[in-house]
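Reader: Could you take me through this structure, beginning with how far the coordinates may be trusted?

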Amino acid sequence: MPALLTPDQILPEERKYEKELQRWLFQVKGKEVYIDENLVWEAFWMAVRAHRGQTRLSGEPYLSHLVAVLGILAENTLPDSETLAAALLHDVLEDTALEPVELLSYFGETIFTLVKGLTKLSQYAHRKDEELRVENLRKFFFETVQDLRILLIKLSDRLHNLQTLEYLPDEAKRRQIAMDTLDFYAPLAHRFGFYKLKSLLEDEAFHNLNPGQYDLLSRRLHRELHKRESRISRLKRKLEDNLRARFPEMNFLVKGRSKHVYSIYQKMQEQNLSFEEIRDLYGLRVMVPDEDSCYRALAIVHQIWSYIQGYFRDYIGSPKPNGYRSLHTMVMADDGEPLEIQIRTFEMDRLAEYGVAAHWLYKNGAQLNFLSRDLAVIRELLSSEDTSTTPQYFLQTLKLEVFQQEIFVYTPKGDKVYLPRGSTPLDFAYKIHTEVGHHYEKALVNGQEVPMNYQLQLGDSVEIVTRSDVEPQPLWLDGVKTPLAQFKIKNYLKRRQKELTLLEGRRILEQEILQRGLHALNLLRPSLLKEYIQQKRLKDSARLYRSVLRGELVPREIVDSLLQLHLTQLKKMVQEEKLPPIPVSTSLSTTLSRAALSFHGLRGQNRVLFSKCCYPIYGDSIVGMREKRKIILHRAECAEVDKAVSSQVLTGKWLPHPTILYPAEINIIAPNRRGLLKEIITTISDHGVNILSNTVKLYRKDIGSIRFLLEIQRVQQLEQLIRDLKKEVADILSVERSMNL
């Protein structure tokens, strides 16, 4: 079966939606937006094929939902071709057998990414409903910050689901969908300036949550507007006549506007007003060509009607956080009743109507500054470890940090910084930079020092004084309002506490090492700790130190294990690397008879010199090398023998009953620890062996060599001593007779 259907394969019952799509495409083109119709139609045909046979809870073909979502986009936004195509395909990965690779191959990376961003985490259905709901919200926000078109499609999808929510049998799920809309999706639409979608979402959600109150307010609003229709028309004509008379060359448009149902309900609840007390149920909106004309039109309005104090707002000079710009004023009309009037340019009106989508059309980078700011806040929130701990914390933080009503304050350089109402100078400091917050010493607001918990006011000028030795304290949590500032403080305090915990655990081990005289061995070096941690199957060194503090691991046992690992490493090093010899100068020169030696043809009074390269002793296999009037004695395995001329080499033998002691040298390689030399000397003395000299050489801070020149009776005595040294001094790495080559 081909991936795409063709027009001739459309079934009769699907023709209805084909015609609807044609109508919506015509409407979009009427907004002077370029649309690649072929791309949209190909998406439609794939959606038909993928969803054929599927129905909604209402009994309608699933295709009805897809075209309805596209229609909402066409009517209430300025969508591009890819947005419309993705709207038609937004459920194919979630609800059909269509493979992702097929979608990608037909429509490319951009549309595939949009559709993937709209796909819920249904594969994690084993999770609790609340966790899955929050994870889907988190995924949606993560995808949204990558491409805001995902938000447009999701809002439109949510609106149509609300419009058909009556078919969902589970009342609890209906309420949850409606509440999520008011808590997250409508505020998000407001945040990015999608006012038409915001109003529609709020009204539909309110209708589902409180149908009785919605119907009552809707009827009253309709009656009131009908009753006031002639008044609105009269006031509109008067304003138009005055504008035309004063500025005949200016192109302008005046139209009536009214509040939507949920905004009326909100105002009644927040300000404890009755329906009759709401003064801005309806008003006039003036559109003019440029900013100068806005202020000129405002002057005319205030000349015609008396201005009511306290109601003027200049959102052109100081735009709202989401980029909204307009002049708002309240006047007392001729009949003694108040009238709200909004004045803006045509471009501002387009932005107010369509949100950031209007900027995509105008390609005005400066107007998109608020976008990068809001997206940065959401990105930071998503990366916060604290917000991932519990679903409730994530939702609470999202509401407070992203959707709460904002104020703006100024930096000393005059830059605007947006913060939730109730924010403090410490919130401001953390908003500027984490390090500014961490080293906060004091704040100057409008030139005056204020306490840390001072609530900033709209338009305040804020300067933060920092000090390098200041760090966050637990009490600082009482001085911030924003969740992200709280997170940064908590994160610092947790990290600091963790550092102190680790330092204390390490200090206990260091104390044990010091008491045992092993401090020179560097037993807590990273490489050794890593090997120990792997051996014990611990997570990391932090887990090791915490285990010490909790008494789960005994410090002495840890040090014993580290010492053994250290010795193993040193032994390996000794085996792999030839350590340089340490020269000594002691030698033995005597007669053959006193040395208990016999060489053929030589008398007992001939002199013999025991070589210092191999120190032969009684019982060794030996050879003599003739040199002038004396014999140089070597062990038979000495390398010097191989170098000698054969005529100089004499074969000798030992005579019974030696009467002297022979010099012998041993080389001990061992770790550099306190008390080691004493233990070795004690062992040598216990064997009745005299020490002529010893020389110590450190190769590294933690390892060295000790050479002893001993007086030995016979080779068997030396061999026994070497065996006992290895046995009685446990951390000796090696003991060998010296052979200085």
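**Confidence and architecture**

Author: This is a predicted model. The mean pLDDT of the protein chain is 83, and 86% of its residues reach 70 or more.

Reader: Over which residues is the pLDDT below 50?

Author: One such stretch is residues 359-370, which nevertheless has 21 contacts in the model beyond near neighbours in sequence. Residues 385-389 also have a pLDDT below 50, and that stretch has 12 contacts beyond near neighbours in sequence.

Reader: Thank you. How many helices and strands does the protein chain have?

Author: The secondary structure comes to 27 helices and 21 strands. Of the 741 residues in the protein chain, 50% are buried.

Reader: What share of the contacts with a separation of 6 or more comes from residues 24 or more positions apart?

Author: Such residues account for 67% of those contacts in the protein chain.

Reader: And what is the exposed area, and how much of it do carbon and sulfur atoms supply?

Author: The protein chain exposes about 36,600 Å². Carbon and sulfur atoms supply 49% of that area.

Reader: Let us turn to the sheet with six strands. In what order do the strands lie?

Author: The order is S12-S14-S16-S15-S17-S13, in an open sheet with mixed pairing. Strand S12 (588-591) and strand S13 (597-599) each have a single partner strand, so one side of each edge strand is left without a neighbour in the sheet. From one strand to the next, the twist averages 35°.

Reader: How do S15 and S16 run, and how many bridges join them?

Author: Strand S15 (residues 622-627) and strand S16 (residues 630-635) run antiparallel, joined by six bridges. Val-623 stands opposite His-634 in S16, and Met-625 has Ile-632 of S16 as its bridge partner.

Reader: What lies between the strands in that hairpin?

Author: The hairpin of S15 and S16 has two residues between the strands, and Lys-628 takes a positive phi near 55°.

Reader: In which sense does S14 pair with S16?

Author: Strand S14 (residues 607-610) pairs with S16 in the parallel sense, over four bridges. In one of these pairs, Arg-607 has Lys-630 in S16 as its bridge partner.

Reader: Is S16 mostly covered or mostly open?

Author: S16 is mostly covered, with five of its six residues buried.

Reader: Now the helices. What distance does H21 reach from its first C-alpha to its last?

Author: Helix H21 (residues 483-515) has 33 residues and reaches 47 Å between those atoms, close to the 48 Å expected at 1.5 Å a residue. Its buried residues include Phe-487, Ile-489, Tyr-492, Leu-509 and Ile-513, and also Lys-488 and Glu-512. Just after H21, Gly-517 takes a positive phi of about 70°.

Reader: How does the reach of H27 stand against the expected value?

Author: Helix H27 (residues 715-728) has 14 residues and reaches 20 Å from its first C-alpha to its last, close to the 20 Å expected at 1.5 Å a residue.

Reader: Which residues of H27 are buried, and what covers them?

Author: The buried residues are Val-715, Gln-717, Leu-718, Leu-721, Ile-722, Asp-724 and Leu-725. Their cover includes helix H26 (676-686) together with strands S18 (662-671), S20 (703-712) and S21 (734-737).

How values were computed: Residues numbered from 1 in each chain as written. Predicted model: local features only at pLDDT ≥ 70, side-chain atom pairs only at ≥ 80, totals over all residues. Heavy atoms only, no water. pLDDT = per-residue confidence, 0-100. Contact = heavy atoms within 4.5 Å. Pairing = 2+ DSSP bridges. Axes fitted to C-alpha atoms, helices over the stretch in contact; angles between N-to-C directions. Expected span 1.5 Å × (residues − 1). Buried < 20%, exposed > 50% of the residue type's maximum accessible area, 1.4 Å probe, protein only. Areas by Shrake-Rupley, 256 points an atom, 1.4 Å probe, with all protein chains shown as cover.
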